[in-house]
Amino acid sequence: MGTRRVLVTGCSSGIGLAVAARLAKDELKRFKVVATMRDLERRGPLEKAAGDTLNKTLEIKQLDACSEVSIRECINSLPGRRVDVLVNNAGVGMIGPLECQSISEMKELFDTNFFGLARLVKELLPDMKRRQSGHIVVMSSVMGIQGLLFNDVYSASKFAVEGFCESLAVQAMKFNIKMTLVEPGPVVTEFERKVYEDAEKMDLSGTDEETAKIFREVYLQYSKRIFASLGQTPEEVAEQTLQVITAKDPPLRHQTNRLYMPLTALKHADPTGRLPLDTFYKMTFNYDRVFNASLGLLRLLQRRSKKL
């Protein structure tokens with residue numbers, strides 16, 4: 001297989017930036033990376049991360065996943081409109097009590113997280129079908145498998161992404177097109193920091209006092225501990241994304257954080273759904289000591305796994 005052109009969205013920071021830079025620096029020079037972002041004025045960190053690969057194995061282009069015109073212009077600017085691998089990474093976050101979130105904010109989130117993906121695939125799929133080749137890699141989340149407290153709308157968008165890809169994957173196989181959902185758990189990025197920073201200042205007047213207290217004193221505090229214990233770096237996710245792209249037979253789903261897998265496995269262990277609900281409820285409200293002990297054990301396992 002020759003050099004493959006990889007289009008990556010959401011490359012101004014975080015996972016998208018790390019994926020674009022890692023592919024561009026591939027030792028075997030297997031990729032030509034088209035790193036895209038909505039606002040080219042934010043290209044500085046990517047240019048720095050790309051280093052000597054800039055304008056060699058990595059080029060930066062403007063692409064707004066919320067605009068069909070922008071997507072088409074970007075694809076049309078590529079030789080033969082050829083994209084061998086799409087890495088759909090552009091996304092936005094939202095946490096907090098449902099009563100404090102407006103319907104317009106929810107629609108904006110879905111416009112990027114779900115419809116952004118749909119627009120890109122709709123534009124690229126006919127070309128991939130004609131060539132009888134291609135790989136669509138979608139940055140999903142463990143929250144596309146297991147809903148989490150105060151992540152109602154974000155999780156819903158990732159569930160939509162998972163259902164979309166799982167359904168489309170069957171048709172794609174007929175045309176020799178691969179589909180992979182990359183499912184990170186907690187990742188320490190500017191994206192996550194901004195989401196939680198905004199949450200600290202969130203106006204909670206739209207909800208009741210007890211819910212506001214649970215969000216501020218329980219959820220936000222637990223989240224900080226989970227990120228500190230289980231959080232991956234964007235570079236770790238990028239390395240696993242490279243492995244998925246270069247795999248001979250890429251999986252439909254790939255969870256990047258094996259320490260988080262026991263939590264997502266709960267959903268499949270009990271078809272009634274009671275087991276994961278009861279477990280998350282008890283972890284959140286009843287068993288602070290058990291929660292802390294579990295995170296301590298996971299931290300130990302994580303340190304040992306990095307030494308191996």
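Phe 150 sits in the loop between β5 and α6. The model under discussion is a predicted one, and this loop is a convenient place to enter it. Phi of Phe 150 is near 65°, a positive value in a residue other than glycine. As general background, most residues other than glycine have a negative phi. With a relative accessibility of 8%, Phe 150 counts as buried, because the cut-off for that class is under 20%.

Leu 149 belongs to the loop between β5 (134-139) and α6 (152-174) as well. Is Leu 149 buried or partly exposed? Its relative accessible area is 36%, and Leu 149 is therefore partly exposed: the value falls between the limits of 20% and 50%. Leu 149 also takes part in a nonpolar patch on the surface, together with Tyr 281 and Phe 285. The accessible area of these three residues together is about 290 Å².

I turn next to the far end of α6. Asn 176 is found in the loop between α6 and β6 (177-183). Here again phi is positive in a residue other than glycine, with a value near 60° for Asn 176. Asn 176 has a relative accessible area of 42%, so this residue is classed as partly exposed.

Let me now consider helix packing. Two packed helices are described by the angle between their axes and the distance between the axes. For helix α3 (residues 68-76) and helix α5 (residues 115-131), the axes come within 10 Å and cross at roughly 40°. How are α3 and α5 oriented to each other? They are oblique, because an angle of roughly 40° lies outside the ranges for parallel, perpendicular and antiparallel pairs. The crossing of α3 and α5 is right-handed.

The second pair consists of α7 and helix α8 (residues 209-230), whose axes are 11 Å apart. Their packing angle is about 160°. Since angles over 145 degrees count as roughly antiparallel, α7 and α8 are therefore roughly antiparallel to each other. The crossing in which α7 passes α8 is left-handed.

One residue of α7 deserves separate mention. Tyr 196 lies in this helix, which spans residues 190-200. Tyr 196 is buried, with a relative accessible area of 18%; that value is under the 20% cut-off. How far apart in space are Tyr 196 and Lys 282? From C-alpha to C-alpha they are 23 Å apart, and in sequence they are 86 residues apart.

Terms used: Residues are numbered from 1 along each chain as its sequence is written. This is a predicted model: local features need pLDDT of at least 70, side-chain atom pairs count only at pLDDT 80 or more; totals for chains, interfaces and linings use all residues. Side-chain values use heavy atoms; hydrogens and water are left out. Patches are made of residues with over 30% relative accessible area and no salt bridge: like charges are joined within 9 Å, nonpolar side chains (Val, Leu, Ile, Met, Phe, Trp, Tyr) within 5 Å. Accessible areas come from the Shrake-Rupley method with a 1.4 Å probe; for residues, only the protein chains shown count as cover. A salt bridge is a side-chain nitrogen of Lys or Arg within 4 Å of a carboxyl oxygen of Asp or Glu. Helices (H or I, at least four residues) and strands (E, at least two) are DSSP runs, numbered from the N terminus. Buried means under 20% relative accessible area, exposed over 50%, partly exposed in between (1.4 Å probe, protein chains only). Axes are lines fitted to C-alpha atoms, for helices over the stretch in contact, and angles run from 0 to 180 degrees between N-to-C directions. Angles under 35 degrees count as roughly parallel, over 145 as roughly antiparallel, 65 to 115 as roughly perpendicular and the rest as oblique. A crossing is left-handed if the near helix is turned anticlockwise from the far one by less than a right angle, and right-handed if clockwise.
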